[in-house]
Amino acid sequence: MNQTPNKEVYPAIIFAHGDLGDSLRDAIEGMIGECPYFITVSNRGVGPEDIESRLEEAYSRYKDRPAVFIFIDLFGSSCWKAAKLLGMKNKNIRIITGVNLPMLLSFFTKRGRFEADDLEQEIKLAGKKGIEGH
Amino acid sequence: MKNLFFRLDEKFIHAQIIHGWLPYLNASRIIGVSEKYSGDEASKRLYLEAIPEELEGEILSPADAAIRVGENTQKGVTLVLFSSIGDACDYIEEGGKIGTLNLGGLYSGENRREYLPYIHLNTEEKECLSNMAAGETDIYCQDVPLTDRIDFLGLINK
């Protein structure tokens with residue numbers, strides 16, 4: 001796995017329902033400190049005509065970066081569809097569904113050390129490993 | 001109308017439908033009715049991808065839906081989902097029947113008035129739904145499954 005310091009610090013956008021994005025941000029920054037290049041967006045109160053433009057507005061700040069990770073809470077949701085449509089037009093977008101704290105903590109502590117493909121694998125694994133039943 | 005549940009929701013197939021209404025209804029099939037999305041291959045593919053694997057799913061124009069909705073209803077509950085007020089009206093004009101219509105997810109927009117946080121209508125849309133309610137269709141508002149139903153005519157005539 002390609003792991004070298006000082007690689008690109010990939011930006012992240014959480015696009016989710018209600019206050020979930022802000023709450024996750026609050027929890028993460030309470031554990032590891034302030035995370036730059038990180039935007040949270042809610043779909044609250046947004047109709048079908050505006051949902052894509054709300055995400056696009058956030059993405060436009062990072063559109064020239066080699067990879068932008070968009071974290072979605074629910075597969076199949078309006079947030080997911082908006083991200084998929086945006087991803088069809090912009091090849092630097094990586095969409096990760098089922099966002100959770102382990103996944104995000106992995107992302108923010110490892111970005112800058114991994115290439116985008118490897119980082120994506122790392123965070124998916126962390127997200128799945130965070131689920132346990134006893 | 002047995003085994004058919006009709007809903008109008010401008011976000012169309014989204015989280016409230018996939019994770020709320022479909023499991024609540026124990027539905028085995030979903031038919032999306034949309035002139036716009038039935039002819040938009042990219043959106044259609046995404047909406048179909050979003051439907052849980054164990055369910056049958058189709059996206060049809062109002063005209064096709066008016067013919068197809070009544071097929072195979074003995075297999076289980078079918079959620080018939082309209083993406084706009086126009087689609088529901090066109091479905092009826094094409095000969096489709098709606099016994100009871102659940103309204104949710106009509107968002108704010110130009111010239112639209114808020115009746116409930118999830119119900120916004122302009123004058124024309126209000127009239128269209130009122131005419132429908134005056135005919136053979138009972139209409140009620142309910143955005144998510146575990147909330148109370150609100151009678152549509154009672155709401156707009158307040």
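**The interface, cavity and pockets of the two chains**

Across the interface of chain B and chain A, 2 residue pairs are found in polar contact, both at pLDDT 80 or more (N or O atoms within 3.5 Å, one able to donate a hydrogen and the other to accept it; residues adjacent in sequence count only through side-chain atoms of both). The model is predicted, with local features needing pLDDT of at least 70 and side-chain atom pairs pLDDT 80 or more, while totals for chains, interfaces and linings use all residues. Residues are numbered from 1 along each chain as its sequence is written, chains are lettered from A and ligands numbered from 1 in the order in which they are written, and side-chain values use heavy atoms, without hydrogens and water.

The rule also finds 1 salt bridge across this interface (a Lys or Arg side-chain nitrogen within 4 Å of an Asp or Glu carboxyl oxygen), and it joins A:E49 to B:K36, with the closest N and O atoms 3.6 Å apart. On the side of chain B that touches chain A, the elements giving two or more residues are α1 (15-25), α2 (35-38) and α3 (41-50) of chain B (helices are DSSP runs of H or I, at least four residues), and α3(B) gives the most, with 7 residues. This side of chain B comprises 9 nonpolar, 3 polar and 5 charged residues (Asp, Glu, Lys and Arg are charged; Ala, Val, Leu, Ile, Met, Phe, Trp, Tyr, Cys and Pro nonpolar; the others polar). In total, 17 residues from chain B and 18 residues from chain A take part in the contact (heavy atoms within 4.5 Å).

For the enclosed space, the count comes to 1 cavity of 30 Å³ or more (points on a 1 Å grid where a 1.4 Å probe fits but cannot get out; lining residues have an atom within 4 Å of a point). The largest cavity holds about 30 Å³ of space, and its lining consists of A:E52, A:E56, A:A82, A:L85, A:L86 and A:K89. Both α2 (51-59) and α3 (78-89) of chain A supply at least two residues of this lining, and α3(A) gives the most, with 4 residues; by class, the lining has 3 nonpolar, no polar and 3 charged residues.

The largest pocket (an open set of points with protein on both sides within 12 Å along at least five of seven lines) has a volume of about 390 Å³. Of the 20 residues that line the largest pocket, B:E10, B:S83, B:S84, B:R112 and B:E125 are the closest to its centre.

Note on methods
Grid points are joined across faces, edges and corners, and a volume is the space filled by probe spheres set on the points.
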